[in-house]
Amino acid sequence: MSSTSNPNGELITLEAGNYAAAVTTVGAGLQRLSFRGHDLVLPFTADQLPPAYAGKTLMPWPNRVAGGAFAFGGQRFELPVNEASTGSALHGLALWSDWRVEQRTQAAVTLTHVLHGEPGYPFQLALSVSYALDEDAGLRVELGARNCGTAAAPYGCGSHPYITVGGEDISNCELGFRAGKVLLTDEQLRPAGLMDTKGTDFDFSEIRSVGGQSLDHAFTALPEGEWDVTLRNPALKLAAAVRSTGTQAPWVQLYSGELRDRKGLAVEPMSCPPDAFNSGQDLVVLEPGQSHALEYRIHALEG
């Protein structure tokens, strides 16, 4: 007897009004999102290993832990290094696990997963991701974590969607967002200090053409209350927008998607910056029984 599988587990489709989406159980990932038939998230095929971490949920840390090692509670921990070029532990421990479907309807699904701990991260967390489509508001995503162990745990989270507008090369699109600071990095993409964005190539406070500009940077000093990152296709008179709050997501990583032929822009809402396990900046410490949540949404803008 033979059987087949795929790298994404079960594919769960969601529909509401003019929106349609699909979620994968492996990595609690977002495989596609569309509005009136136009892609708002750059899709990948159901039997394809998600390219460049497309759509993945990033827990219990987003981005990189430099050197794959960190100190916490007076102890040193060594994580598996999964990015040889930088020597980093990248994007957490829940990427390739098959999450459990906890609840589902035609327009919403909640996935759960338990981290039982390992030598580099000996903490226990009950994780959840909820995706909910609304015909007016688009896709709402909520990331949740509860410390179900007996010791305090360092924690951060994020998501890795590639937004697009009909699959158009982002060089032909317009980008707008407000962020006062950009995190510079060294050759190994380790944090090297914050810089003001005003008057620099990182200033997108007025929506403008992306052109040939490359991005792989974390931004902060986001607007109080809600913030938006908007990618607009002038030819379609349609935009894809990611919205969150500076309280829940004080950081957002933007990557211009060279590994995906610049057909999508990774917009990654994050609770903390790269290497927060070492810097401690905006790091969440979950005491036993404590919970954390981060919510964002992706929606279309016409005109």
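Which residues is Tyr-155 in contact with, leaving aside its neighbours within four places in sequence? In this predicted model, the list runs through Met-59 and Pro-60, then Leu-125 and Leu-127, then Gly-144 and Ala-145, and finally Phe-277, Leu-283, Val-284, Leu-286 and His-292. Several of these names return below, which makes Tyr-155 a handy place to begin a tour.

Tyr-155 belongs to the largest nonpolar core, a set of 73 residues. Together with Leu-33, Tyr-121, Leu-127, Tyr-131, Leu-133 and Phe-219, Tyr-155 ranks among the members that touch the most others in this core. Strand E12, spanning residues 125–134, supplies the largest share of the core, with 5 residues. Another core lies apart from this one; it has 6 residues, including Ala-54, Tyr-162, Tyr-255 and Ala-266. As a general background, nonpolar side chains in soluble globular proteins tend to be buried together.

Strand E12 also takes its place in an open sheet of 9 strands. With antiparallel pairing throughout, the order reads E10-E11-E12-E13-E27-E23-E22-E17-E20. The edges are held by strand E10 (100–104) and strand E20 (208–209); each has a single partner strand, so one side of each is left without a neighbour in the sheet. Further in, strand E13 (residues 138–147) pairs with strand E27 (residues 291–302) in the antiparallel sense, over 8 bridges. Here Gly-144, one of the contacts of Tyr-155, stands opposite Ala-293 in E27.

Attention now turns to the open and enclosed spaces. The largest pocket has a volume of about 220 Å³. Its lining comprises 14 residues, of which Tyr-53, Arg-64, Leu-90, His-91 and His-160 are the closest to the pocket's centre. By character, the lining of this pocket divides into 6 nonpolar, 4 polar and 4 charged residues.

As for enclosed space, the count comes to 1 cavity of 30 Å³ or more. The largest cavity holds about 70 Å³ of space. Around this cavity stand Asn-63, Arg-64, Leu-183, Thr-185, Leu-189, Asp-216, His-217, Ala-218, Gln-253 and Pro-274. Strand E18 (181–185) and strand E21 (216–220) are the elements that give two or more residues to this lining, and E21 provides the largest share, 3 residues. The lining of the largest cavity splits into 4 nonpolar, 4 polar and 2 charged residues. Arg-64 links the two descriptions, as this residue lines the largest cavity and is also listed among the residues closest to the centre of the largest pocket.

Notes
Residues are numbered from 1 along each chain as its sequence is written. This is a predicted model: local features need pLDDT of at least 70, side-chain atom pairs count only at pLDDT 80 or more; totals for chains, interfaces and linings use all residues. Side-chain values use heavy atoms; hydrogens and water are left out. Two strands pair if DSSP finds at least two bridges between them. Helices (H or I, at least four residues) and strands (E, at least two) are DSSP runs, numbered from the N terminus. A nonpolar core is a set of buried Ala, Val, Leu, Ile, Met, Phe, Trp, Tyr and Cys residues joined through side-chain atoms within 4.5 Å. Buried means under 20% relative accessible area, exposed over 50%, partly exposed in between (1.4 Å probe, protein chains only). Contact means heavy atoms within 4.5 Å. On a 1 Å grid over the protein atoms alone, a cavity is a set of points where a 1.4 Å probe fits but cannot get out, and a pocket is an open set with protein on both sides within 12 Å along at least five of seven lines; lining residues have an atom within 4 Å of a point. Grid points are joined across faces, edges and corners, and a volume is the space filled by probe spheres set on the points. Ala, Val, Leu, Ile, Met, Phe, Trp, Tyr, Cys and Pro count as nonpolar, Asp, Glu, Lys and Arg as charged, and the others, Gly among them, as polar.
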